[in-house]
Amino acid sequence: HNSMMTGSTRSGIGRRRGSPSKSPLTSLVVIAVSFSITLFALLIFGYVSFFSSATPMKHRRDGGHFLSGETHADADNDRDDIDELSSKEFSKFRKIITGELHLVDIMTSGMIRNEHAKNRNINDSGGAKYQGVMASFCRLDWDRYKENPPAFPMFKMLVSASGCDKKKNTVTLDLRTVVRKTREYDKIREMRQGQNDVGGVHVIQPSAFIFHESRVGSTLVANSLTAMNPDGHRVYSESHPINNALNACQRDLSSCDMDANIDLFRDVVYLMGRTSSHAEKKMFFKVSSVGAKRIDVMRKSFPSVPWIFVYRDPVQTIMSHLDPAKIATKKNVRGGFPPAVCLRAQKHPPEDLVQLVSDYGEDVDELSPEEFCAAHLATLCESALKQMKKSNGKGAAVEYDGLVEKLIQTVIPNHFGVEVDEAARQRILDVSKIYSKSKDGGNKDWVEDSRRKDVGSTPEIRAAGEMFLSHSYSELRKLSVK
């Protein structure tokens, strides 16, 4: 107590005056323990600091596998990096750019060539030769189609099943603006991560185009390409964006020429090829039958991409449109004929059909429904023939007879350059047993009908086929794959 009263203390460990002295060994132990605790604390601090500064490194990929400690959430953050660089630029288009939303339609009624846009004081579109095309985007349920192609044989059915036929589920924007922003994003991504990065969206290049005469087995071709490799193949079967892009410049060639049409078609294919699936590597387009008249647009847009034109015996093809047995069960229109695809333009026939009929010494206004149908089909075949002869082997004719074996043995492996292994072959054979347009459920068995159509044809159908289709049919057979 004396020391406390006098305030007398001693520097050091705080030992009071007069307390017994500790041994030197004890002092050394105390010093050693203190040093160890301090060193341990420094090591912990250094460890935390190091890994905090190294955090961005863990987002890198190595051969497609996550690095130690990386999670799927980290991978998603990695995809956000570029958006964070320019969020104001890309946020509006993010879901399109990353492949979450798909192009489901384009509206070309306001399309004009860029030089006309400048005259009207419309902003330049960043290099494209067109302006004024609007595009609709929506999330498509691709898995649903790939699991059962015959249930959704047409793109519009997939659109409807995905809820994309409802305006509330779609986003509509200026097409060229979307393309410009998307290409800017891709350039940044390429510079930062390289073309072979597997961490996010990539663009599938077109593998082949399928044109056809109509009702000749082209849907079976599309179903086969899907079924042979559902994960790896994306197949568009008569999609609105492709059809509309091909035909965009048929309305008014004074304000829309081939260069503008090519730019538009390339942009549409580019957007339709965006995918976030690492497995999807091939993309195929089955075009509506009237698209055969615009094969030149496709050829000039993608001169190195192979294509085919599927056709059939004239009588059998006309019967597929105007089978008397089916007509008798349908509501009478146009003097007893149903609204068949080949008769849609009967009230307003296009110039090429009028000219073809005139070349045969006939008047288009005097044609019977059978003759008009045959003439319409002839315009498709003649157009395909003309383009095939200019295609340097990229275009090929494929006749309906023996179609499945031709696909397996020649068309897919040799012309399209896509391997058909035993598993893919079996899947093609399996899907070919199902009616290609089964729609509801997709489980209606296919029954060969060529013989029935030959026997059931009328004299009018046979005469019409002979008049307008015999020439093109003969020429196509000369160019057909075996």
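Is Cys373 buried or exposed, and what is its relative accessible area? Cys373 is buried, with a relative accessible area of 0%. The close-ups below start from there; please keep in mind that this is a predicted model.

**View 1. Cys373 is joined to Cys342 by a disulfide.** The two sulfur atoms sit 2.2 Å apart. The torsion about this S-S bond is about -100 degrees, so the link is left-handed. Cys342 belongs to the loop between helix H15 (324-327) and helix H16 (351-359), while Cys373 is part of helix H17 (residues 369-388), so the bond ties together parts that are 31 residues apart in sequence. Like its partner, Cys342 counts as buried: its relative accessibility is 1%. While you are looking at the cysteines, take in Cys381 as well, which counts as buried at 2% relative accessibility.

**View 2. Cys138 and Cys164 form another of the two disulfides in the structure.** Here the S to S distance is 2.1 Å. The link is left-handed, with -80 degrees about the S-S bond. Distant parts of the chain meet at this pair: Cys138 comes from strand S6 (residues 134-138), and Cys164 from the loop between helix H8 (155-161) and strand S7 (171-174), 26 residues apart. Both Cys138 and Cys164 are buried.

**View 3. Ser162 sits in the loop between H8 and S7.** That loop also holds Cys164 of the previous view. With a relative accessible area of 18%, Ser162 falls under the 20% limit and therefore counts as buried. Which residues does Ser162 touch, leaving aside those up to four places away in sequence? They are Arg139, Leu140 and Asp141.

**View 4. Helix H10 (residues 218-228) packs against helix H19 (residues 422-432).** Their axes are 8 Å apart and make an angle of about 140 degrees. Because angles over 145 degrees are needed to count as roughly antiparallel, H10 is oblique to H19. The crossing of the two helices is right-handed. To find the contact from the H10 side, look for Leu220, Asn223, Ser224, Ala227 and Met228. From H19 come Ala424, Arg427, Ile428, Val431 and Ser432. Sorted by class, the contact of H10 with H19 has six nonpolar, three polar and one charged residues. The charged residue is Arg427 of H19, and the polar ones are Asn223 and Ser224 of H10 together with Ser432 of H19.

Conventions:
Residues are numbered from 1 along each chain as its sequence is written. This is a predicted model: local features need pLDDT of at least 70, side-chain atom pairs count only at pLDDT 80 or more; totals for chains, interfaces and linings use all residues. Side-chain values use heavy atoms; hydrogens and water are left out. A disulfide is a pair of cysteine sulfur atoms within 2.5 Å. Helices (H or I, at least four residues) and strands (E, at least two) are DSSP runs, numbered from the N terminus. Buried means under 20% relative accessible area, exposed over 50%, partly exposed in between (1.4 Å probe, protein chains only). Contact means heavy atoms within 4.5 Å. Axes are lines fitted to C-alpha atoms, for helices over the stretch in contact, and angles run from 0 to 180 degrees between N-to-C directions. Angles under 35 degrees count as roughly parallel, over 145 as roughly antiparallel, 65 to 115 as roughly perpendicular and the rest as oblique. A crossing is left-handed if the near helix is turned anticlockwise from the far one by less than a right angle, and right-handed if clockwise.
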